[in-house]
Amino acid sequence: MKKLLFTLLLIPILVFGQLDRVEPPFWYAGMQNPELQILFYGKNIAQNTVSVSSGIVIKNVQKTENPNYLFVTIDTQNVPAQDLVFSFKNGKNVFTKNYSLKTRRKDSALRKGYDASDVIYLIMSDRFANGNPNNDSNKSVTEKGDRANPGGRHGGDIKGMIDHLDYLKELGVTAIWPTPMCEDNDAKYSYHTYGQSDVYKTDPRFGTNEEYLQLSSELHQRGMKLIMDYVTNHWGAEHWMYKDLPSYDWIHQFPGFSQSNYRMTTQFDPNASAIDAKNCMDGWFVRSMPDLNQSNPLLLNYLTQNAIWWIEYADLDGFRVDTYSYNDKVGISKWTKAILDEYPYFNIVGEVWMHDQAQMAYWQKDSKIGAIDNYNSYLPSVMDFTLHDAVGTVFNEDESAWDKGLIKVYDNFTNDFLYPNPNNIMTFLENHDTNRFNEIYKNDFKKYQLGLALIATVRGIPQLYYGSEIGMAGDKSKGDADIRRDFPGGWSGDKNNAFTKAGRTSEQNQFFDFTSRLFNWRKTNTAVHFGKMKHYIPENNVYVYFRYTDSQSVMVVLNNSNKTQTFKTARFQESIGNYKTAKDIFTSKSVDLKNDISIESKSVLILELE
Ligand code: CA
């Protein structure tokens, strides 16, 4: 009887529920790459023959070892926007599925990504602001909201970001990078969302796809940009495809889990053993994140189309790619190139967390170092982790020495010859995986001024981590939750509301006012965005550099010593040239460039030459 009931229940599913998933859920007419690979997923779908509306060419139908998958590639060349109809036939059983090819936004292919004229604000999506307490838990996902749990879901969401875009505009940032927002249905620690379970769906605890699109639109209305945090290297163990793998080799199997050795040097080290290189790249980041095999062409195409779908759907201005150098090296370069072939002016920054400029430069597009082993990642931008390493110690090194103090920062830029494009590198004091700058320096405002002025005026694209601007601290050694604290004022009932001047403490206002002033000035200065850089060897722990174009020049002086320093300007004549005076951007006072310049201990001067 039980068996009969089961059979009776199953029959309607087989007849009427033939498709559980279609991905991408829709596509766009007029893409540069006309080939579209559509994944149809449903019980024994591979037993069907498939056809499509007249006039459309099916180029390829691919089955995998799992009969629940069918990958159908169609040619969309010269096919106008319309609803296509796919027909599936298995004996007498026939059913159809509509599929939309939508109209693209005007000039979508020409979208311009973020660049060095931007300041990027990194948001821990769950920890910034809870704009909608009603979505903190959702019946479709396992982990429920629990703000009392440091590693739990605190309720931050898209609405909270939209509600505070004017705060961010006042702060002077021009782009936001929220940590991933697609669904992560892990039972715990899902708040960071790097273990995604559905890459076409916004996590309901953040909002809906429509709200994500609204975030993009609200940013664009304010002249600001949206950067998506994209994860190609792995999915979460709750990903629907991991639970019913299309093929054994969809992920790297040993079989199953084996941890990466994290030694990314094995990817180019001429002395590396093959087994070490394989275990780095194919090993899993952590047990809960199955490592995707980007050398499987069906998977690679799935990831590429998913990325392009989000750019087109949400009108994105860029990607940040997680754990870039842990991906299959050739696969990830194809993924990156395919996106840039579609959007030549887009920007993508990869997380290449290494401690040596040559090793980081290897991963930047058109790298001469990569060319040594015939590798080109096509990745436009990397992150300046060596500058990050330096700023984490130098401001406690008061005395000048051969290898201490600002010489470390100076040395970082002496290696810029290694980078094909040093101005397309992200500079930062901290991010969501590091110690907080204000933790290291115990909220020393003078050291914050030095650090922030540095990343705001050297070459590259500055990135600020949420909360830095109000002096937020956090100790990585206490766990990730401490460096990902809730932004004060983001939750109703918070006693301290740092989103408003009146709500901030005097110390928070000190940090905020400096940050806002610096970044708003930065918006206006093209020499700092795109000018060349010329620097002078630090003397007495004072570092002087210029950013300049043919018509504009900025002189930056950082005094990292513990006393006032006075120096002659004659040494900088090749940069000062015919300029006579300069304006201090903080005090608006005029400085005569013929006179000696004095600068207080642990302070910064930013001078616009006139
Ligand atoms: Ca919420």
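Modeller: Happy to walk you through this one. Accessible areas here come from the Shrake-Rupley method with a 1.4 Å probe, and the model is a predicted one.

Colleague: Thanks! What share of the area the protein exposes do carbon and sulfur atoms supply?

Modeller: The protein exposes about 24,600 Å². Of that area, the part supplied by carbon and sulfur atoms is 52%.

Colleague: And what radius of gyration does the protein have, set against a compact globule?

Modeller: The chain has 610 residues, so a compact globule would have a radius of gyration near 25 Å. Its C-alpha trace spans about 95 × 55 × 50 Å along the principal axes. The radius of gyration agrees with the globule value, at 26 Å.

Colleague: How is the protein divided into domains, and what distance separates the centres of domain 1 and domain 2?

Modeller: Domain 1 covers 2-103, domain 2 joins 115-230 with 429-523, and domain 3 runs over 531-609. Taken over C-alpha atoms, the centres of domain 1 and domain 2 are separated by 40 Å.

Colleague: Among contacts between residues at least 6 apart in sequence, what percentage join residues at least 24 apart?

Modeller: The protein has 16 helices and 26 strands, and 59% of its residues count as buried. For contacts between residues at least 6 apart in sequence, the share joining residues at least 24 apart is 71%.

Colleague: Let's zoom in on Asn327. Is Asn327 buried or exposed?

Modeller: Asn327 sits in the loop between strand E14 (318-321) and helix H7 (329-342). Its relative accessible area is 1%, and buried means under 20%. Asn327 is therefore buried.

Colleague: Which side chain makes a polar contact of 2.9 Å with the side chain of Asn327?

Modeller: Leaving aside neighbours within four places in sequence, Asn327 is in contact with Thr232, Asn233, Met281, Gln294, Asp322 and Ile332. The side chain joined to that of Asn327 by the 2.9 Å polar contact belongs to Gln294.

Colleague: Is Lys337 in helix H7 buried or partly exposed?

Modeller: Lys337 has a relative accessible area of 33%. Partly exposed covers the range between under 20% and over 50%, so Lys337 is partly exposed.

Colleague: As a bench person I always ask about cysteines. How many disulfides does a search of the whole structure find?

Modeller: A disulfide is a covalent bond between the sulfur atoms of two cysteines. Cys182 counts as buried at 4% relative accessibility, and Cys280 counts as buried at 0%. Across the whole structure, the number of disulfides found is zero.

Definitions and conventions
Residues are numbered from 1 along each chain as its sequence is written. This is a predicted model: local features need pLDDT of at least 70, side-chain atom pairs count only at pLDDT 80 or more; totals for chains, interfaces and linings use all residues. Side-chain values use heavy atoms; hydrogens and water are left out. Domain bounds come from an automatic or database domain assignment. Helices (H or I, at least four residues) and strands (E, at least two) are DSSP runs, numbered from the N terminus. Buried means under 20% relative accessible area, exposed over 50%, partly exposed in between (1.4 Å probe, protein chains only). A polar contact is a pair of N or O atoms within 3.5 Å; within protein, one must be able to donate a hydrogen and the other to accept it, and residues adjacent in sequence count only if both atoms are side-chain atoms. Contact means heavy atoms within 4.5 Å. The radius of gyration is taken over C-alpha atoms; the globule rule is 2.2 Å times the number of residues to the power 0.38. A disulfide is a pair of cysteine sulfur atoms within 2.5 Å.
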